[in-house]
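Let's take a look at the charged pairs in this protein and where they sit. Here are the sequence and the model.

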Amino acid sequence: MLPPPTLLGRRVLVLGATGFIGRWVARCAARAGADCLLQARSAAALAVLREPYDLRGAERIVDLAEPGAVEELLEAEPCDLVLNLVGYGVDRSERDETLAVELNERLPQRIAAALAGSATRLVHVGSALEYGAVGGDLDEEGGHRATTLYGRTKLAATRALADLRRRDALDCLTVRLFTVYGPGEHAGRLLPALIAATASGDAVELSAGLQRRDFDQVEEVAHGLLALGAGPRPADPVINLARGRLESVREFCLAAARVFGLAEEKLLFGRLPTRAEEMSHEAVSTERLQRALGRPLELGLEAGLLRTREFIEETK
């Protein structure tokens, strides 16, 4: 397990603090000693998460899609570190192209412009979907063939931030995430569906599950994001945050069934087609991550799923 960094005395702004990964970054930052500011669109959504996720910090209820909103927030709240976990399009119901462009592509550039000339570091969260249909090993300098709206808009932001970093000496970094799982995922995703089946006893229809993914547990991902934000400025503008190890969706499902007590015969592999947008690739390069942190993510499937189960049981 990648250890959490020390953030004692540092002021940290988490944009998108109610999201799946944002809530874990906020939790881990506070536990690492940071003075946290938690941005969200809804005070009610943040309030619901405070106790189970032990979210500590002052709330800032701001709709970042509004013109001038993020600029006003950053001017009013100077910070040592800003983590941008805002994203639109992960949930399959999010298909508004205007919002995708505004939140995934333009917002990161507005954040960077507002921070220009300051000592604040910006860690912007990118996505594996920026690689799209490129295939082969996924290294940051390789090709990009984003095929989804989410991937295309995220890639546009990554490229723009890299240009700003070169041109304006801005202290910013894009960190690409891969198949992140754990407590707080959207209900329609794979692990929540398997956990729900454990409770209901229902069978789960699945694809053949042959596609391979770099599965990363959300708490360790949060530690990685904060470590990249707290350490020396990385030499590279884009870093893959991953284990560098691929396992099939089938292997993930079987491991989850063992950990959560779901009978293997309830996993109906091959009943569903593989989605057209599914990526096919080889190993994820972690060379840049190892240069920056000394090691990649480490938590294996069984250990990561056990941590997930423990958290769910503790917060029932």
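## A buried arginine and its partner

Start with Arg-288: is this residue buried or exposed? With a relative accessibility of 9%, Arg-288 is buried, because anything under 20% falls in that class. Keep in mind that you're looking at a predicted model.

Arg-288 has a salt-bridge partner, Glu-140, with 3.9 Å from N to O. The two come from distant parts of the chain, 148 residues apart: Arg-288 belongs to helix H9 (residues 287–293), while Glu-140 is in the loop between strand E5 (121–127) and helix H5 (149–168). Glu-140 is buried too, at a relative accessible area of 6%.

## A wider network

This pair isn't on its own. Glu-140 and Arg-288 join Glu-141, Asp-236 and Arg-291 in a network of salt bridges. And how many salt bridges does the count come to? The answer is 25.

## Two more pairs to find

Next, try Asp-216 and Arg-243, whose closest N and O atoms are 3.9 Å apart in a salt bridge. Asp-216 sits in strand E10 (residues 215–217) and Arg-243 in the loop between strand E11 (238–240) and strand E12 (247–248), so this bridge ties together parts 27 residues apart in sequence. Both Asp-216 and Arg-243 are buried.

Then there's Glu-185 with Arg-189, a salt bridge of 2.7 Å from N to O. Here Glu-185 is buried at 12% relative accessibility, whereas Arg-189, at 27%, is partly exposed.

How values were computed
Residues are numbered from 1 along each chain as its sequence is written. This is a predicted model: local features need pLDDT of at least 70, side-chain atom pairs count only at pLDDT 80 or more; totals for chains, interfaces and linings use all residues. Side-chain values use heavy atoms; hydrogens and water are left out. A salt bridge is a side-chain nitrogen of Lys or Arg within 4 Å of a carboxyl oxygen of Asp or Glu. Helices (H or I, at least four residues) and strands (E, at least two) are DSSP runs, numbered from the N terminus. Buried means under 20% relative accessible area, exposed over 50%, partly exposed in between (1.4 Å probe, protein chains only).
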